[in-house]
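Here are a few exercises to work through with the model open on your screen. Try each task first, then check the worked steps below it.

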Amino acid sequence: MTRTIDFSQYSSIKIGPVVDVRLIDTPELRVPEEFMIGGANNLLVSDTPPPLAMLSKKFDYIRLEGNRLTIGGATKSGRIFSFVKKHNIKNFEYLGKLPGTLGGLVFMNAGMKADEIFNHLVTIKTSKGYVSKEEISYGYRFTDIDDIIYETVFEVEEGFDAEKLALFTKMRANQPKDPSSGSAFKNPPGDYAGRLIEAVGMKGYRIGDAAFSDVHANFLVNLGKATFDDAFTLLEEARRRVFDSFGVALEHEVQII
Ligand SMILES: Cc1cc2nc3c(=O)[nH]c(=O)nc-3n(C[C@H](O)[C@H](O)[C@H](O)COP(=O)(O)OP(=O)(O)OC[C@H]3O[C@@H](n4cnc5c(N)ncnc54)[C@H](O)[C@@H]3O)c2cc1C
């Protein structure tokens with residue numbers, strides 16, 4: 001089964017071709033040449049991507065059993081957020097402000113401030129069965145997962161924190177409203193990618209319709225009809241300038257395929 005996806009509509013940055021994506025309905029081994037997509041909130045898709053696959057709706061579920069929360073890989077952050085709020089569960093408040101599916105959130109170890117998806121994670125179900133947190137290397141926007149994330153089990157603590165949600169909501173108020181893929185680059189140790197981009201004169205810098213936002217320099221935004229080439233050229237220019245000026249090799253956070 002396939003699903004035809006127009007990435008100029010589906011992806012959060014509204015860039016990319018129309019592609020047939022293979023739908024995975026039941027757990028199976030990963031096809032090595034295939035690239036998994038989730039909600040495409042962190043993707044920049046070229047006109048020639050590798051073969052793509054995604055989880056079907058069968059992986060869109062949440063179960064609360066005792067102090068364990070089991071979530072399917074295709075479940076959207078918004079649904080998880082509504083669930084934890086309703087059931088008075090804490091530690092997932094940021095999911096109200098962070099777009100993605102569970103598979104993408106876990107693969108990226110996504111989060112806001114000190115809250116990251118790995119903080120309360122117990123096990124992940126992959127094509128080779130359950131893998132515990134201790135068996136995985138992870139860090140800031142990084143995991144070494146080389147498999148499909150079908151499901152994840154989290155530990156549960158009571159007490160949804162409305163104040164924390166208010167803090168995240170306030171943080172988001174200062175973010176660009178244009179279509180974007182979130183942060184373009186990871187923050188290098190001890191610094192901010194946004195500061196470095198601004199320091200090399202690229203805050204608000206535009207190539208075609210792709211730009212570094214004038215609201216937040218590390219946000220790659222689409223101001224209209226940006227193409228993959230516009231966005232890619234812009235990213236490369238920023239990397240070059242930051243390296244030439246500061247000797248810092250910025251690492252992409254947005255996944256380019
Ligand atoms: C406006 C905006 C704000 C954002 N703010 C933040 C933020 O504050 N913090 C943050 O961390 N991120 C942020 N992001 C980025 C994005 O929300 C996260 O990276 C999110 O985890 C992406 O999830 P996704 O389902 O869209 O994944 P995709 O973008 O589709 O994929 C991302 C990666 O996950 C992999 N992947 C997806 N599904 C699976 C699966 N089932 N199995 C294995 N691998 C999989 C893909 O191969 C890819 O490498 C922001 C994005 C936007 C648009």
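**Exercise 1.** Which residue in β18 does Phe212 stand opposite? Work out the sheet around that pair too.

Bear in mind that this is a predicted model.

- Step 1. Find the two strands: β17 covers residues 210–212, and β18 covers residues 219–222.
- Step 2. Check how they pair. β17 and β18 run antiparallel to each other, with three bridges between them.
- Step 3. Now read across from Phe212, and you land on Leu220 in β18.
- Step 4. Zoom out to the sheet. It's an open one with four strands, ordered β15-β18-β17-β16, and the pairing is antiparallel. β15 and β16 (206–207) are the edge strands, each pairing on one side only.
- Step 5. Add the helix. α6 (residues 228–246) lies across β16, β17 and β18, and α6 runs at about 30 degrees to β17.

**Exercise 2.** Trace the five-strand sheet, and find which helix lies across β6 and β7.

- Step 1. Write down the strand order: β6-β7-β14-β10-β11, an open sheet with antiparallel pairing.
- Step 2. Mark the edges. Those are β6 (62–65) and β11 (129–132), since each pairs on one side only.
- Step 3. Look along the sheet for its twist, which averages 20 degrees from one strand to the next.
- Step 4. Take one pair in detail. β6 and β7 (residues 68–72) are joined in the antiparallel sense by four bridges, and Arg63 stands opposite Thr70 in β7. As background, strands of a sheet pair through backbone hydrogen bonds, either parallel or antiparallel.
- Step 5. The helix you're after is α2 (residues 77–86), which lies across β6 and β7. α2 runs at about 30 degrees to β6.

**Exercise 3.** How many residues surround the ligand, and which element gives the largest share of that shell?

- Step 1. Count the shell: 32 residues surround the ligand, and the closest are Met36, Gly38, Pro99, Thr101 and Gly111.
- Step 2. Go through the polar atoms. One ligand oxygen atom is 2.5 Å from a polar backbone atom of Pro99. For Thr101, an N or O atom in the side chain is 2.7 Å from an oxygen atom of the ligand. At Gly104, a polar backbone atom is 3.2 Å from a ligand oxygen atom.
- Step 3. Check the cover. On its own the ligand would expose 980 Å², and the protein buries 93% of that.
- Step 4. List the elements that give two or more residues to the shell: β3 (35–36), α3 (102–108), β8 (111–112) and β15 (180–183). The largest share, five residues, comes from α3.
- Step 5. Sort the shell by type, and you get 15 nonpolar, 14 polar and three charged residues.

**Exercise 4.** Where does Gly39 lie, and which residues does Gly39 touch beyond four places away in sequence?

- Step 1. Place Gly39 in the loop between β3 and β4 (43–44).
- Step 2. Leave out residues up to four places away in sequence, and Gly39 touches Tyr10 and Thr101.
- Step 3. Try a C-alpha distance as well. Gly39 and Lys76 are 37 residues apart along the chain, with 8.0 Å between their C-alpha atoms.

How values were computed: Residues are numbered from 1 along each chain as its sequence is written. This is a predicted model: local features need pLDDT of at least 70, side-chain atom pairs count only at pLDDT 80 or more; totals for chains, interfaces and linings use all residues. Side-chain values use heavy atoms; hydrogens and water are left out. A residue is near a molecule or strand if one of its heavy atoms lies within 4 Å of it. A polar contact is a pair of N or O atoms within 3.5 Å; within protein, one must be able to donate a hydrogen and the other to accept it, and residues adjacent in sequence count only if both atoms are side-chain atoms. Accessible areas come from the Shrake-Rupley method with a 1.4 Å probe; for residues, only the protein chains shown count as cover. Ala, Val, Leu, Ile, Met, Phe, Trp, Tyr, Cys and Pro count as nonpolar, Asp, Glu, Lys and Arg as charged, and the others, Gly among them, as polar. Axes are lines fitted to C-alpha atoms, for helices over the stretch in contact, and angles run from 0 to 180 degrees between N-to-C directions. Contact means heavy atoms within 4.5 Å.
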